[in-house]
Amino acid sequence: MSAEATSQDLLPADLAMGTVMLKVGNMKVMTDYYQRALGLEVVAEQDGGLYLGRLGTPLVHLAPSPGLAIPARGEAGLFHTALLFEDQASLAATVATAAQFEPRSFTGSADHLVSEAFYFTDPEGNGIELYWDRPRSNWSWNGTDVVMDSLALPPQRYLEQHLTEESLQRQRHTTAGVGHVHLQVGDVQTARDFYVGTLGFEKTAGWHGQALFVSAGRYHHHMAMNVWNSRGAGPRKDTLGLGEVLIEVPSGDDVGALADRLKVAGISSHHTGAELRFEDPWRNRIRVAVR
């Protein structure tokens, strides 16, 4: 995308990531994990599926999909759903319950300079990031690229510093949101052409040609794509795992502008007026809807 891109070519600065839908094989095991390990509550039920979240806001939609296989490690799809917490105590409380519920589900942690992050895997292999953002005033920018890193963040020390009895007791009464969604894709350039060139995100960081981070409104990233496990992956089969990524925008005009960009790019979509459904080059389903 050229530096002269108009606002009409970009997604709105105040977009937000919405509920992530997962196709689930064992609803009981998965619901148990998201409730007990991550402190989410059922906020709605639909067609046998469950919406789980905090304070009435759905974060994850578990959709029963019996008979589908778990995707192979190298296939395109979900890398992780990242849940954003409002403060370090709230983050520490959920890290603690997740680690206690199933210690083997913990896969790592990192200080990314813009954020502090802890990584887990749910019972069907879907990645989860639990994180807290440092204030934006503390972020550094190198031109249009935000400065991020992966520095050591010892979990035990973090819990000692930030976990409180009150944050554990209030876990379900604190807010959380879907901060970003990170995908596995076949190649980074195709991802850039689609997510930046067509959708209208702005690139905020890269990683040695192996990963791309994109956002609207100079957030560090609303979405990311990498090839760490999936280089060369083709379009997805119908499997368990990622069902749909929801992006919420302020107005129908934003939906309409994106519909026009998709049409110009020759990408088929289903446009109802209030929302737009389409697929990325790896058949990851995306829905853009008015908030």
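1. A cavity is a set of grid points where a 1.4 Å probe fits but cannot get out, and its lining residues have an atom within 4 Å of such a point. In this predicted model, the largest cavity is lined by V20, L22, Y34, L38, V60, L78, T81, L83, N126, G127 and I128. Its volume is about 50 Å³. The structure holds one cavity of 30 Å³ or more.

2. Strands and the cavity. Three strands each give at least two residues to the lining of the largest cavity: β1 (16-24), β5 and β8. The most comes from β5, which supplies three residues.

3. The largest pocket. This pocket contains about 530 Å³ of space. Its lining is made up of 26 residues, and L78, F79, G125, G127 and Q184 are the ones nearest the centre. At least two lining residues come from each of β5 (77-85), β7 (115-121), β8 (127-133) and β15 (241-249). Here too β5 gives the most, with four residues. L78 and G127 are among the residues nearest the centre of the pocket, and L78 and G127 are also listed in the lining of the largest cavity.

4. The largest nonpolar core. This core has 68 residues, and Y34, L38, Y195, M223 and I247 have the most contacts inside it. A second, separate core has eight residues, including A82, Y119, W139 and V146. Y34 and L38 of the largest core appear again in the lining of the largest cavity.

5. What does I247 touch, leaving aside its neighbours within four places in sequence? The contacts of I247 are L15, A16, M17, F201, M223, I286, R287, V288 and A289. One of these, M223, is listed with I247 among the residues with the most contacts in the largest core.

6. Helix α2. The helix runs over residues 88-101, and its 14 residues should span 20 Å at 1.5 Å a residue; the end C-alpha atoms are 20 Å apart, so the model agrees with the expected span. At the N-terminal end, D87 acts as a cap, with a side-chain oxygen 3.3 Å from the backbone nitrogen of A89.

7. Burial in α2. The buried residues of the helix are S90, L91, A92, A93, T94, V95, A96, T97 and A98. Residues three or four places apart in an α-helix point the same way, because there are 3.6 residues a turn. The buried residues of α2, however, form an unbroken run from S90 to A98.

8. Is S90 buried or exposed? S90 has a relative accessible area of 7%, so S90 counts as buried, the cut-off being under 20%. S90 is placed in helix α2. With neighbours within four places in sequence left aside, S90 is in contact with F85 and T174.

9. Positive phi at L55. Most residues other than glycine have a negative phi. L55 has a phi near 50°, a positive value. The residue sits in the loop between β3 (49-54) and β4 (57-64). L55 is partly exposed, at 48% relative accessible area.

10. Positive phi at H208. The phi of H208 is likewise positive, near 50°. H208 is in the loop between β12 (202-206) and β13 (211-215). Its relative accessibility is 66%, and exposed means over 50%, so H208 counts as exposed.

Definitions and conventions:
Residues are numbered from 1 along each chain as its sequence is written. This is a predicted model: local features need pLDDT of at least 70, side-chain atom pairs count only at pLDDT 80 or more; totals for chains, interfaces and linings use all residues. Side-chain values use heavy atoms; hydrogens and water are left out. The expected span of a helix is 1.5 Å times one less than its number of residues. Buried means under 20% relative accessible area, exposed over 50%, partly exposed in between (1.4 Å probe, protein chains only). A polar contact is a pair of N or O atoms within 3.5 Å; within protein, one must be able to donate a hydrogen and the other to accept it, and residues adjacent in sequence count only if both atoms are side-chain atoms. A nonpolar core is a set of buried Ala, Val, Leu, Ile, Met, Phe, Trp, Tyr and Cys residues joined through side-chain atoms within 4.5 Å. Contact means heavy atoms within 4.5 Å. On a 1 Å grid over the protein atoms alone, a cavity is a set of points where a 1.4 Å probe fits but cannot get out, and a pocket is an open set with protein on both sides within 12 Å along at least five of seven lines; lining residues have an atom within 4 Å of a point. Grid points are joined across faces, edges and corners, and a volume is the space filled by probe spheres set on the points.
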